[in-house]
Amino acid sequence: MQAGVQEQIQAVIIGAGARGNQVFAELMRRHEIGWRVSAVVEPDELRRTAFCARYAIPPERAFANLEQMLQQPRLGDVAFICTPDVTHYTICARVSEAGYDVLLEKPIATSLPDCLALLDVQRTHRNRIFVAHVLRYSPFFRTLKELIASRQYGLVRNIRLTENIGHWHFAHSYVRG
């Protein structure tokens with residue numbers, strides 16, 4: 001590596017839905033943050049094809065399922081797990097075993113035993129597992145940031161964010177992890 005040139009971190013996106021595609025991969029594509037998408041796992045063929053076209057992923061780095069990807073030599077430094085909640089624990093354990101660090105969407109698992117088991121997964125495979133709390137990169141917050149930066153409505157000096165939710169939301173969020 002040349003002096004002053006930083007290698008990009010290679011990210012495998014597992015689940016090319018809203019978070020994997022419109023948040024994480026799009027952030028890497030639009031901004032020079034030192035990361036790039038190196039592969040994708042997505043069971044929906046149309047979504048996978050569109051993802052590959054948008055992020056210049058060659059066909060040999062696009063997989064319909066996790067097993068296909070894990071049969072390859074490691075394709076990146078970190079795996080972003082952006083799949084349905086019930087799959088988080090199993091996928092995290094598998095990619096950890098394959099040597100990937102992990103960015104894991106919340107909830108990290110859907111049961112307390114699986115949450116606790118992830119500690120053992122991390123200790124056993126000596127990888128890093130990060131939990132994503134990245135709503136700030138979602139399209140609506142990015143739009144707000146752009147509006148504020150544009151000063152279209154003047155200089156914003158204070159923002160009060162209130163999430164008006166019902167009492168049931170707290171119980172629901174607790175159950176989801």
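Student: What percentage of the 177 residues of the protein count as buried?
Tutor: Keep in mind that we're looking at a predicted model. Buried here means under 20% relative accessible area. Out of 177 residues, the share that counts as buried is 36%.

Student: And what do carbon and sulfur atoms supply of the area the protein exposes?
Tutor: The protein exposes about 11,700 Å². Of that area, the part supplied by carbon and sulfur atoms is 54%.

Student: How many helices and strands are there in the protein?
Tutor: Read along the sequence, the pattern goes β-α-β-α-β-α-β-α-β-α-β-α-α. Tally up the elements and you get 7 helices and 6 strands.

Student: Are helices α1 and α2 roughly parallel or roughly antiparallel to each other?
Tutor: Helix α1 covers residues 18-30 and helix α2 covers residues 45-55. They pack at an angle of about 15 degrees, with their axes 11 Å apart. Angles under 35 degrees count as roughly parallel. So the word for α1 and α2 is roughly parallel.

Student: Is the crossing of α1 past α2 left-handed or right-handed?
Tutor: Handedness depends on whether the near helix is turned anticlockwise or clockwise from the far one, with clockwise called right-handed. For α1 passing α2, the crossing is right-handed.

Student: Which residues of α2 make the contact with α1?
Tutor: On the α1 side you'll find Gly20, Asn21, Ala25, Glu26 and Arg29. The residues of this contact divide into 3 nonpolar, 2 polar and 3 charged. From α2, the contact is made by Phe51, Arg54 and Tyr55.

Conventions: Residues numbered from 1 in each chain as written. Predicted model: local features only at pLDDT ≥ 70, side-chain atom pairs only at ≥ 80, totals over all residues. Heavy atoms only, no water. Axes fitted to C-alpha atoms, helices over the stretch in contact; angles between N-to-C directions. Helix = DSSP H or I, 4+ residues; strand = E, 2+ residues; numbered from the N terminus. Parallel < 35°, antiparallel > 145°, perpendicular 65-115°, else oblique. Contact = heavy atoms within 4.5 Å. Nonpolar A, V, L, I, M, F, W, Y, C, P; charged D, E, K, R; others polar. Buried < 20%, exposed > 50% of the residue type's maximum accessible area, 1.4 Å probe, protein only. Areas by Shrake-Rupley, 256 points an atom, 1.4 Å probe, with all protein chains shown as cover.
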